[in-house]
Amino acid sequence: MTDGGSAEEAKPRPARRRRQSVLFRDSYEQDLQHVRGAAGWAGTALAAVAVAVLPLVAQGYIVYNLTLFLVYALVALSLAVLVGMTGQVSLGHAGFLAAGAYAQAALAALGIPYLLTLLGAIAVAALLGLVIGVPALRLEGPYLAIATLGFGLAIQQILNNWRFVGASTGLIADRPVIAGVDFYGDAAYYWLVAAVTSAVVLLVLNLERSHVGRAFRAVRDADLAAQMSGISLSQYKSLAFVVSAGIAGLAGALYGPLIGYLTPESFNLLLSIKFLLMVVVGGLGLLPGALVGAGFITGLELYLSTFRAWSQLVFGAVVMLVLILEPSGLYGRWLKIRNYWKSWPL
Amino acid sequence: MAAVNTFGEVLQVLVSGATIGSVYALVALGLVLVYRTTRILNFAHGDVGVLGTFIAFVLFTNLDLPFGVAFLLALLAAAVIGALIYLTTVRQARTESDLGLIILTLGLALFLGGFDALVFGTDNKVVPTLAPDSIVRGFGASFSVASLLTAALGVLLMLGLWALLSFTKLGVAMRAVAQREDVAEAMGLPVRTVLMATWGAAALLATAAALLFAPTTLLNPTMMLDPLSKGFVAAVIGGMNSLPGAVVGGYVLGILELLVGVYVSLEFKASFAFLVVIIVLLVRPHGLLGRADVKRV
């Protein structure tokens, strides 16, 4: 905000209104903006440059883990749509991830071009989302949690016994070649995943501020009142499942070629739980929170892997501490700190 | 496979199903007990049970106590641990969302699992049965004494819980807090103590289930993963806020699962439970004996 002089002159809007816009909004247009103020634009530009340049300076295994973070961030985003926006719990998102990953690998094995396999993965996962979303309409709270948990385990069982996708031995997923350009290297594949993830982040941000996003949140906060205002509960609840499953499927399609080899065991209940941890630890109901949570959980796991026997204990303790100390999550805490300084001394 | 369908064979399947069913029912009872008072799906339930079983194992092997005594001491220790867990984590959480509390118990489950692995090791340990593993024959079938005792102990514990909730002051207070916590507090009930007792009782049930289940598998930190998910299924089939529902769900699931394993296919047995839960929920979204929460607008 302090060094935004030149940017303010470039825009016709009065400076006073823009200065207030970080904390308070006084027009609908301000509410629609994804990035607010010069500081916001500077931060976004810095983040974009950092994401683009990182593989040039970082070591191979760090690039690999960054790619993994981006894939997990996609799944966390998909859960943020389902759990954060519409308030439907899913303990089976590893199932959608698996569906996407297996669909991509199976289609690629048939010789279908890479971009089409991505679409296929999204379609398969979204279809599964519809299959789960429609019966889930009647369920809420613990019943939905257990039903989705069952879905995740059932997918694992099916993959474990299905010969076509290699049963328990698994399936090879190769890194893609698009229009003659190969993405075999870790850095090249990172850039591909980063591009897709950025696009989905923008898409979900736009979804949130659209009428659909508002309907999702209305369904979450007061389903009966939403229904009275003409929002079809069944339509929007199942739509949330389809969108969420589709994004998770896309994440799966990126996940397969990253790790190179798919086995049913890798899509276990613990993975589903980890995705849910990301959303809640990052800040439930806040889209950037999903990204923060994905980064935090992935980073924490990587860091704790050096602790060996202690890692699970510390992981559980950290998760509990975050939830006990800050119910609105890491990003929620950051918002509180930022708003405190912005409005100081009030 | 289903060539000979004698009465004895069916009886044997029913008894074996009831044995594993009583483990599921005990797990489900603990889950429902916690859910209807604090609205928490307790994913740490299994790990509390495993911790109690490890305590019994240490008392039995390292201190050379008789297994029956170790069993009872472990149950008591688990009750204390359950109460402490409520006091130190659940009560401290300032989150108001149900999901936040679920995640808290997931964190607790990871913590307890990590603790078990660190202190007791991840290798498999053999837990003895309460009775020598002899066989009795009758009605054209043969039953193991140990599994009959497991089923009997399960029933005994369930009757004990029923007696506690029906005939004691504490039990009535537990039911009152489950029904309306704010009113119970306004009437002067010590809600914190009652909730500690509820979590303690649930931990005791979890440990009993784990101790009865342990001889059929081997003791390790992830032992309760399958019984816990089956316990959730049983609780959901019965209705998350109905204690009789949890018992019914546990036995129905145990027997159905074994029938499927024997007469349909063994591979299908593992995922069968989740097919049952989806079918039951499609017909009755709040379980067989559960009731929908009435919402005020």
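Visitor: Where in chain B is L165(B) placed?
Guide: Welcome! This is a predicted model, and in it L165(B) has its place in helix α5 of chain B.

Visitor: Why is L165(B) called partly exposed?
Guide: Count the other C-beta atoms within 10 Å of L165(B), and you get 18. A residue is buried at 20 or more and exposed at 12 or fewer. The count of 18 for L165(B) lies in between, so the residue is partly exposed.

Visitor: Which residues is L165(B) in contact with, leaving aside its neighbours within four places in sequence?
Guide: These partners are G171(B), M174(B) and R175(B). Take R175(B): 10 residues along the chain separate this residue from L165(B), and their C-alpha atoms are 7.1 Å apart.

Visitor: Which residues of helix α6 of chain B are buried?
Guide: In α6(B), which runs over residues 169–179, the buried ones are A173(B), M174(B), V177(B) and A178(B).

Visitor: What makes the buried residues of α6(B) line one face of the helix?
Guide: Look down the axis of α6(B): the buried residues fall within an arc of 140°, so they line one face. As a general point, an α-helix has 3.6 residues a turn, so residues three or four places apart point the same way. The face of α6(B) turned away from the buried side carries the exposed residues K169(B) and Q179(B).

Visitor: What covers the buried residues of α6(B)?
Guide: The cover includes α1, α5, α7 and α8 of chain B.

Visitor: Why are α1(B) and α9(B) called roughly perpendicular?
Guide: Their axes cross at roughly 70° and come within 8 Å. Angles from 65 to 115 degrees count as roughly perpendicular. The value of roughly 70° belongs to that range, and therefore α1(B) and α9(B) earn the description. As for handedness, α1(B) passes α9(B) in a right-handed crossing.

Visitor: Which residues meet in the contact of α1(B) with α9(B)?
Guide: From α1(B), the residues include V23(B), Y24(B) and L31(B). They meet residues of α9(B), among them P227(B), F232(B) and G238(B). By class, the residues of this contact divide into 12 nonpolar, 2 polar and 1 charged.

Visitor: How many residues does each chain bring to the contact between chain A and chain B?
Guide: Chain B brings 40 residues and chain A brings 35. On the chain B side, α4, α9 and α11 each supply at least two residues. The largest share of that side comes from α4(B), with 15 residues. Sorted by class, the chain B side has 25 nonpolar, 11 polar and 4 charged residues.

Visitor: What makes α13(A) oblique to α4(B)?
Guide: Their axes come within 10 Å and cross at roughly 125°. The ranges to compare are under 35 degrees for roughly parallel, 65 to 115 for roughly perpendicular and over 145 for roughly antiparallel. An angle of roughly 125° fits none of these, so α13(A) is oblique to α4(B). The crossing of these helices is left-handed. It is I273(A), L276(A), L277(A) and V280(A) that touch L99(B), G100(B), I103(B) and L106(B). The classes here are 7 nonpolar, 1 polar and no charged residues.

Visitor: Why are α14(A) and α16(A) called oblique?
Guide: The same kind of reasoning works. These helices pack at an angle of about 120°, with their axes 7 Å apart. Roughly perpendicular ends at 115 degrees and roughly antiparallel needs over 145, so α14(A) and α16(A) are oblique to each other. Their crossing is right-handed. Among the residues that meet are P288(A), V292(A) and F296(A) in α14(A) and L330(A) and Y331(A) in α16(A).

Visitor: Is R39(B) buried, exposed or partly exposed, and how do you know?
Guide: R39(B) has 17 other C-beta atoms within 10 Å. That count lies between the cut-offs of 12 and 20, so R39(B) is partly exposed. This residue sits in the loop between α1 and α2 of chain B. Phi of R39(B) is near 60°, a positive value in a residue other than glycine.

Visitor: Why is D64(B) called exposed?
Guide: D64(B) has 8 other C-beta atoms within 10 Å. Exposed means 12 or fewer, so D64(B) qualifies. The loop between α2 and α3 of chain B holds D64(B), and the residue has a positive phi of about 55° although it is not a glycine.

Methods
Residues numbered from 1 in each chain as written. Chains lettered and ligands numbered in written order. Predicted model: local features only at pLDDT ≥ 70, side-chain atom pairs only at ≥ 80, totals over all residues. Axes fitted to C-alpha atoms, helices over the stretch in contact; angles between N-to-C directions. Helix = DSSP H or I, 4+ residues; strand = E, 2+ residues; numbered from the N terminus. Left-handed = near helix turned anticlockwise from the far one by under 90°. Contact = placed C-beta atoms within 7 Å. Nonpolar A, V, L, I, M, F, W, Y, C, P; charged D, E, K, R; others polar. Arc of directions from axis to C-beta.
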